[in-house]
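Me: Hi! Could you take a close look at one part of this model for me, and then show me how the rest is put together around it?

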Amino acid sequence: MENNNNDTEAEAGGPVDDFNLGLLIYVVNQSVVWLVLIIIISITLSVIYLRYTPRIYQANGALMMKTEKTTQILGVKALLQPDQDEAEVSREIQLIKSNLLVTRVVNVLPLQIGYYKEGKTKFITTDLYTSSPFVVMGDPKKDEIINTSIYVKLLERGKVYMGFSMNGKEYEETQDTGHVFFKDNPYFSVIVHLTKAHLTPEDFSGIYFFKFLNKIDVIDEVADKLVVIPADDKSKTVGLQYNDRNPVRAKDIVSTMSTE
């Protein structure tokens, strides 16, 4: 009986006897290729994301609602109850977020024409807002030109090149600053003014473009990005937050909203 058991164990063998080194090396070699490939792809995607994802800036402000009532002016104790105060704060928040107030902000700030500068590749675009070396004065004649890129090149001796493409046709023109561009064009006519007394070599080498923006879209975008929250119920303080790619524009919107 004992001899038979020993023979059976010898025939079955152990885990070490079943180990195949050649198979292990083959599997590892095949896995290493995929592992290295996955690491390379992950690093590449991370670099692209960090390189081309625009930074988002946040501007903050606070408003203290102070309502002078006849009873307060006369020295009589305030009649408002806490629940009435909360309702008043809620109404003020709705007013701040309303299209009426946002439209007034859009009308005050230069938000209906966007100015941009291309980077080394078309994937990188800088939103210039108020830092553009030029501004255009004019309005679109047709809705087709809305959101169309109109390219601008600053030339020597106060000359400016402007060009755009519409419905498969190219439009180009070179004029002095202060003159009307595309006077007889069916889509728009503008006058270009420089915002700097002296242009730098970088200004001349840059590729700029501007867009006429849809006013309704601008109003909706401002309203969507604007966050209004009750900061302090006791002092009736309301907090304003606005996130934007351009820090100056974020600050201007919060400031103008507070003023309005």
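**Strand S5 and its surroundings**

Reply: Strand S5 pairs with strand S10 (residues 208–212) in the antiparallel sense, over 3 bridges. Please keep in mind from the start that this is a predicted model. Within that pairing, Tyr208 of S10 is the bridge partner of Val152.

S5 also has strand S6 (residues 159–166) as an antiparallel partner, here over 4 bridges. On this side, Lys153 has Tyr161 of S6 as its bridge partner. The connection between S5 and S6 is a hairpin with 4 residues in between, and Arg157 in the turn has a positive phi of about 60°.

Now for the side chains of the strand itself. Which of them are buried along S5? Across residues 150–154, Ile150, Val152 and Leu154 point to one face and are buried, while Tyr151 and Lys153 point to the other face and are not buried. This fits a general pattern: in a regular strand the side chains alternate between the two faces of the sheet. Val152 is worth following further, since it belongs to a core of 24 residues, whose members also include Met166, Tyr171 and Val192. Val152 therefore turns up in two roles, as a buried side chain of S5 and as a bridge partner of Tyr208.

A second sheet makes a nice companion to look at. It is open, has 3 strands in the order S4-S9-S8, and its pairing is antiparallel. Strands S4 (134–137) and S8 (180–181) are its edges, each pairing on one side only. S4 and S9 (residues 190–194) are joined over 4 bridges, and Phe134 has Leu194 of S9 as its bridge partner.

The core that holds Val152 lies apart from another one. That other core is the largest nonpolar core, with 25 residues, and those with the most contacts inside it are Ile96, Leu111, Val222 and Met257. Helices H5 (82–96), H6 (99–108), H8 (215–225) and H9 (247–259), together with strands S11 (226–232) and S12 (237–244), each supply at least two of its residues. What does Leu111 touch? Leaving aside neighbours within four places in sequence, Leu111 is in contact with Val106, Tyr129, Leu213, Val218, Val222, Arg249 and Ile253. In general, nonpolar side chains of soluble globular proteins tend to be buried together.

One name among those contacts carries a charge story of its own. Arg249 sits in helix H9 and is buried, because its relative accessible area is 15%, under the 20% limit. Beyond its neighbours within four places in sequence, Arg249 is in contact with Leu111, Asp127, Tyr129 and Asp244. With Asp244, the side chain of Arg249 makes a salt bridge (2.8 Å, N to O), and Asp244 is buried as well. Salt bridges that share partners link Asp127, Glu221, Lys225, Asp244 and Arg249 into one network.

How many salt bridges does the structure hold? The count is 8. Another of them joins the side chains of Lys117 and Glu202 (3.4 Å, N to O). Lys117 is in strand S2 (residues 113–118) and Glu202 in helix H7 (residues 201–205), so this pair ties together parts that are 85 residues apart in sequence. The two ends differ in their surroundings: Lys117 is buried at 16% relative accessible area, whereas Glu202 is exposed at 52%. A further salt bridge brings Asp203 and Lys196 together (3.1 Å, N to O); Asp203 is buried, with a relative accessible area of 5%, while Lys196 is partly exposed at 34%.

Nonpolar residues are found on the surface too. Val33, Trp34, Leu37, Ile38, Ile41 and Leu45 form a nonpolar patch there, with about 630 Å² of accessible area together. Ile41 of this patch belongs to helix H3 (residues 21–52) and is partly exposed, with a relative accessible area of 44%.

Finally, stepping back to the chain as a whole: it has 9 helices and 12 strands. Of its 260 residues, 27% count as buried. Among contacts between residues at least 6 apart in sequence, 61% join residues at least 24 apart. The chain exposes about 17600 Å², of which carbon and sulfur atoms supply 56%.

Technical notes: Residues numbered from 1 in each chain as written. Predicted model: local features only at pLDDT ≥ 70, side-chain atom pairs only at ≥ 80, totals over all residues. Heavy atoms only, no water. Buried < 20%, exposed > 50% of the residue type's maximum accessible area, 1.4 Å probe, protein only. Pairing = 2+ DSSP bridges. Patch = residues over 30% accessible without salt bridge, like charges linked within 9 Å, V, L, I, M, F, W, Y side chains within 5 Å. Areas by Shrake-Rupley, 256 points an atom, 1.4 Å probe, with all protein chains shown as cover. Salt bridge = Lys/Arg side-chain N within 4 Å of Asp/Glu carboxyl O. Core = buried A, V, L, I, M, F, W, Y, C linked by side-chain atoms within 4.5 Å. Contact = heavy atoms within 4.5 Å.
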